[in-house]
Amino acid sequence: MCGIAGILSDTIDLRREKESIFKISRSLKMRGPDAKGEYVTRDAALIHRRLAVIDVEKGAQPMRFGKYTIVYNGELYNTDEVRRELESLGYTFDTDCDTEVVLKAFHMWKEKSAERFNGIFAYGIYNDESRELFLCRDRIGVKPLYYAKTSELFAFASRLESLLYVKGIEPVCSREGLCEIFMLGPAKTIGKTVFKQIQELPPASYMYYRDGKFTIREYWKLTAQPFSDNAEDAQEHTHYLVTDAIRRQLVSDVPLCTFLSGGLDSSIISKVASDYYKDNGKVLSTYSVDYVDNDRFFEASRFQPNKDSDYINLISDYIGSEHRNVVLGNEAVAEALIDAAVARSCPGFTDVDSSLLLFCKEVKKDYTVCLSGECADEIFGGYPWYHRSEILFEETFPWSRSTDVRRSILNSGFLPEGEEYAKAAYRDTLKNVSTLDSDSALERRMREMFVLNMNWFMQTLLVRKDVMSMESSLEVRVPFCDWRIVEYAYNMPWSIKAYDGREKGILRKAFENELPEIITWRKKSPYPKTFNPVYLGEVCKMLDGVLDDKSSPIFEMINAEKIRQLMREPESMTEPWYGQLMRTPQVLAYVLQIYVWARKYNVEFEY
């Protein structure tokens with residue numbers, strides 16, 4: 001994986017923008033610590049930071065072929081197939097890396113090339129002759145890509161912060177951005193960011209930019225299709241797709257490991273990977289995360305009925321992996337909230353982010369590439385809200401059913417349009433859901449839930465995983481985001497997907513003969529959070545100074561009295577802010593991250 005950026009201008013001589021280019025490149029260093037490269041002309045500057053994974057010696061960027069120059073971030077998992085097709089058309093290759101394949105595929109098929117790729121990627125290709133830029137992003141949106149346009153230039157980058165070093169792009173947050181933060185966060189609307197001038201290229205989209213104008217088009221979307229497989233066929237095909245996706249993503253020229261939580265998804269990935277390693281005479285390494293004294297303070301709940309630690313050694317022993325459990329200090333998790341907010345360049349997923357950041361830093365000490373189990377819950381119906389009839393048909397985001405808790409921490413009268421903004425975001429999402437006339441009311445709703453989860457909850461987790469891992473210079477691959485799995489699962493009837501009435505039932509059934517029964521049928525448990533009161537105490541200490549700071553950029557926005565009440569009475573919050581586990585400690589941390597972000601970037605608010 002890498003960090004990429006670029007600037008195009010008809011009025012500024014970019015050869016003279018050395019300081020800005022240097023700062024942009026430096027801001028991307030953690031995404032690519034192994035090498036850097038630049039391609040600069042009067043009209044264009046392309047910037048690359050490389051984390052070397054495939055063909056370490058020859059894969060330098062920016063890479064040129066004819067009139068085209070590419071900066072690329074990602075991994076293709078069907079590189080060999082696309083390369084062979086290009087070779088049959090007369091192309092030759094000087095490297096083993098996928099960057100050259102992407103570049104020459106574009107030379108051959110232009111924007112249609114993206115339809116041939118199976119992978120996670122974001123890249124830009126500049127045409128020296130026409131001075132036209134092509135940007136593209138993978139189908140699911142695993143790799144980020146942001147852009148901004150001013151009267152003098154156009155710029156793109158892998159990080160929000162990188163664009164703030166571009167001339168004319170200012171850290172302004174409008175009322176719309178505030179609605180994103182306070183009414184939807186840590187989720188966000190696809191295509192939008194917290195900064196007024198900066199947008200996101202949506203997943204499964206490409207852009208052409210030339211002469212101050214750009215066009216954006218989708219090259220893939222979820223489309224409802226009749227499902228012809230019976231339950232047995234679906235089980236077999238699910239097993240094939242998941243296994244194939246995992247095996248494709250084990251290719252690496254540098255050390256690779258897997259995350260192993262003891263849950264179904266990571267256990268499947270680790271089992272397939274371990275078998276592959278054994279076939280090649282190697283032993284797989286696996287990693288898990290926990291917190292100091294979490295056994296002592298763990299509280300079972302409807303959403304988290306048991307601890308991961310009860311299952312990790314069992315599955316590690318079963319697959320024969322070399323396992324390491326990383327135990328994080330609660331004070332460190334609290335302190336890392338600051339680094340996590342800066343890494344995102346916006347408020348984020350609080351300790352779910354900061355703990356992952358610390359965890360990835362530990363893994364990076366020995367490994368460069370890792371496989372992780374994100375996104376199976378979204379596409380196979382793993383979350384409780386798929387299965388609780390009392391909330392399934394509610395006209396709201398199921399992970400954030402009410403805005404009351406959000407409104408409660410805001411000053412009276414602030415963002416009066418906030419609730420309607422959230423409702424409109426929900427309604428707009430459903431406008432793009434593809435259905436069949438033959439769908440029952442339940443099947444139609446399950447398609448809606450699929451798209452809601454994929455476009456919102458899953459995107460939140462993917463941003464988290466990309467930012468926190470790349471901030472640690474660790475590449476994390478997510479096999480369940482293979483678009484073939486996503487398409488197949490979208491059209492699978494709910495009666496098959498929820499086999500035996502269970503969350504991810506078809507996935508469990510597909511792998512029940514390869515895992516211990518207790519792992520296969522274990523009730524879903526979310527990413528582990530700390531239950532230690534030390535963490536809450538540290539957050540409260542950090543937040544005390546924020547609430548007392550009358551010069552704070554968020555002083556006029558937040559209800560300090562309500563927040564202090566939460567600090568004194570954490571159990572007074574009766575509903576989650578977001579998801580299953582984002583409650584009082586995380587809400588307090590979220591306010592802290594908003595403050596940190598606003599101070600760090602000297603954000604100007606329009607309200």
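Strands here are DSSP runs of E, at least two residues long, numbered from the N terminus. With that in hand, one can place Thr41: this residue sits in the loop between β2 (35-40) and β3 (44-50). I should say at once that this is a predicted model.

Let me stay with Thr41 for a moment. Is Thr41 buried, exposed or partly exposed? Its relative accessibility is 22%, and buried means under 20%, so Thr41 counts as partly exposed. Apart from neighbours within four places in sequence, Thr41 is in contact with Leu14 and Arg15. Leu14 is 27 residues away from Thr41 along the chain, yet their C-alpha atoms are separated by 6.5 Å.

Next, strand β5. This strand covers residues 68-76, and nine of its nine residues are buried. In a regular strand, side chains alternate between the two faces of the sheet. What do we find on the two faces of β5? Both are covered: one side carries Tyr68, Ile70, Tyr72, Gly74 and Leu76, the other carries Thr69, Val71, Asn73 and Glu75, and all of these are buried.

Now the partners of β5. Strand β4, residues 63-65, pairs with β5 in the antiparallel sense through three bridges. Within that pairing, Phe65 has Tyr68 as its bridge partner. The hairpin of β4 and β5 has two residues between the strands, and Gly66 there adopts a positive phi near 60 degrees. The pairing of β5 with strand β6, residues 119-127, is also antiparallel, this time over nine bridges. One position to look at is Ile70, whose bridge partner in β6 is Ile125.

Further along the chain there is another sheet to describe. It is open, has five strands, and reads β16-β15-β14-β17-β18 in order, with parallel pairing. Which strands form the edges? They are β16 (322-328) and β18 (475-477), each of which pairs on one side only. From one strand to the next the twist averages 30 degrees. Inside this sheet, β14 (residues 256-259) runs parallel to β17 (residues 369-371), and three bridges join them. Thr258 stands opposite Leu371 of β17.

On to a pair of helices. Two packed helices are described by the angle between their axes and the distance between the axes. For α10 (residues 330-344) and α11 (residues 350-364), the angle is about 95 degrees and the axes are 8 Å apart. Because angles of 65 to 115 degrees count as roughly perpendicular, that is the term for α10 relative to α11. The contact has seven nonpolar, three polar and four charged residues. From α10 come Ala332, Val333, Ala336, Leu337, Asp339, Ala340 and Arg344. On the α11 side they meet Thr350, Asp351, Asp353, Ser354, Ser355, Leu357 and Leu358.

Last, the cysteines. How many disulfides are there? The count comes to zero, where a disulfide would need two cysteine sulfur atoms within 2.5 Å. For Cys179, the nearest cysteine sulfur belongs to Cys173 and is 9.3 Å away, and Cys179 is in no disulfide. Cys179 has a relative accessibility of 1%, so it counts as buried. Cys540 is buried too, with a relative accessible area of 13%.

Notes
Residues numbered from 1 in each chain as written. Predicted model: local features only at pLDDT ≥ 70, side-chain atom pairs only at ≥ 80, totals over all residues. Heavy atoms only, no water. Pairing = 2+ DSSP bridges. Helix = DSSP H or I, 4+ residues; strand = E, 2+ residues; numbered from the N terminus. Axes fitted to C-alpha atoms, helices over the stretch in contact; angles between N-to-C directions. Buried < 20%, exposed > 50% of the residue type's maximum accessible area, 1.4 Å probe, protein only. Parallel < 35°, antiparallel > 145°, perpendicular 65-115°, else oblique. Contact = heavy atoms within 4.5 Å. Nonpolar A, V, L, I, M, F, W, Y, C, P; charged D, E, K, R; others polar.
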